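This report describes the architecture, the nonpolar cores and the charged side chains of one protein chain.

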Amino acid sequence: MLGSQIEKHAGVGSRATRRGVVHVLVAVVLAASMVTTVVAQDKSVPEEIVLTVGHSTVVRAPWPAIRVAITDPKIADVQALTPEQVLVQCLTVGSTDLILWSEGEKQSAQRRIVVRLDLESFQGNLKKLFPTAELQISGSGDVMVVQGLVRSAADAGQLKEYLDKSKVSYVNMT
């Protein structure tokens, strides 16, 4: 009798055990649905192509494209070269989307175009123009930040002139 009462309270068929199993199953189902949702969302995230201002690249379409568009023509320009190749030319810092459509618009593809400043080129140019200066270039969005030391007031004036002519927004912290 005592043995059956113990089995009843902690036994396999008890109500508390069934509730515990149900809670575990619900948690597993919820976790699985969240994973499925994340995987599904990843498929909708467009491929990102990172480029620099003034450069261009050819993007290959996954199938012959009959129409192409760029969502922000101030950031980049797009031109269909062939049904499978699209030229993207980067105009200014920012991001935009390239969208491709198949014949009959049965399929579409989207690529995220991210355009950044060409900081490496600026750093190289400054090293050539001011070989004795200790200058570092960094970026913050569409603004170039110049830090360091120049050796003379004349160099400081030439640096300012160079930065003004570059037509890039900048902060001069020299």
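## Burial and overall architecture

In this predicted model, 27% of the 174 residues in the chain are buried. The chain exposes about 11,700 Å², and carbon and sulfur atoms supply 58% of that area.

The secondary structure consists of four helices and 10 strands. Along the sequence these elements follow the order α-α-β-β-β-β-β-β-β-α-β-β-α-β. Among contacts with a separation of 6 or more, 54% are between residues 24 or more positions apart.

## Nonpolar cores

The largest nonpolar core comprises 18 residues. Those with the most contacts inside this core are Leu 51, Ile 70, Val 88, Leu 98, Leu 100 and Ile 113. At least two core residues come from each of strand 1 (47-52), strand 3 (65-70), strand 4 (76-82), strand 5 (85-90), strand 6 (94-102) and strand 7 (108-116).

Val 88 illustrates the packing. When neighbours within four places in sequence are left aside, Val 88 is in contact with Leu 51, Leu 98 and Ile 113, and also with His 55, Ser 56, Thr 57, Val 59, Ala 76 and Asp 77. Another core, of 15 residues, lies apart from the one containing Val 88; Leu 135, Met 144, Val 150 and Val 168 are among its members.

## Salt bridges among strands 1, 3 and 7

The chain has six salt bridges. One of them joins the side chains of Arg 111 and Glu 47, with an N to O distance of 3.3 Å. Arg 111 belongs to strand 7 and Glu 47 to strand 1, so this pair links parts of the chain 64 residues apart. The two partners can also be set side by side by accessibility: Arg 111 is buried, at a relative accessible area of 13%, whereas Glu 47 is partly exposed, at 46%.

A salt bridge also connects Glu 105 with Arg 67, where the closest N and O atoms are 2.7 Å apart. Because Glu 105 sits in the loop between strand 6 and strand 7 while Arg 67 sits in strand 3, the pair ties together parts that are 38 residues apart in sequence. Glu 105 is partly exposed at 45% relative accessibility, and Arg 67 is likewise partly exposed, with a relative accessible area of 39%.

## Charged residues around helix 4

Glu 134 and Arg 151 form a salt bridge whose closest N and O atoms are 3.0 Å apart. Glu 134 is located in strand 8 (residues 134-140), and Arg 151 in the loop between strand 9 (143-149) and helix 4 (153-165). The pair thereby links distant parts of the chain, 17 residues apart. Glu 134 is partly exposed, with a relative accessible area of 43%.

Which side chain of opposite charge is nearest to the buried Asp 155? Asp 155, found in helix 4, has Arg 151 as that nearest side chain, 7.0 Å away. Because a salt bridge requires the nitrogen and the carboxyl oxygen to lie within 4 Å, Asp 155 has no salt bridge despite being buried. Not counting residues up to four places away in sequence, Asp 155 touches Phe 130 and Val 150. Val 150 is also one of the residues of the 15-residue core.

Technical notes: Residues are numbered from 1 along each chain as its sequence is written. This is a predicted model: local features need pLDDT of at least 70, side-chain atom pairs count only at pLDDT 80 or more; totals for chains, interfaces and linings use all residues. Side-chain values use heavy atoms; hydrogens and water are left out. A nonpolar core is a set of buried Ala, Val, Leu, Ile, Met, Phe, Trp, Tyr and Cys residues joined through side-chain atoms within 4.5 Å. Buried means under 20% relative accessible area, exposed over 50%, partly exposed in between (1.4 Å probe, protein chains only). Contact means heavy atoms within 4.5 Å. Accessible areas come from the Shrake-Rupley method with a 1.4 Å probe; for residues, only the protein chains shown count as cover. Lys and Arg count as positive and Asp and Glu as negative; His and the chain ends are not counted.
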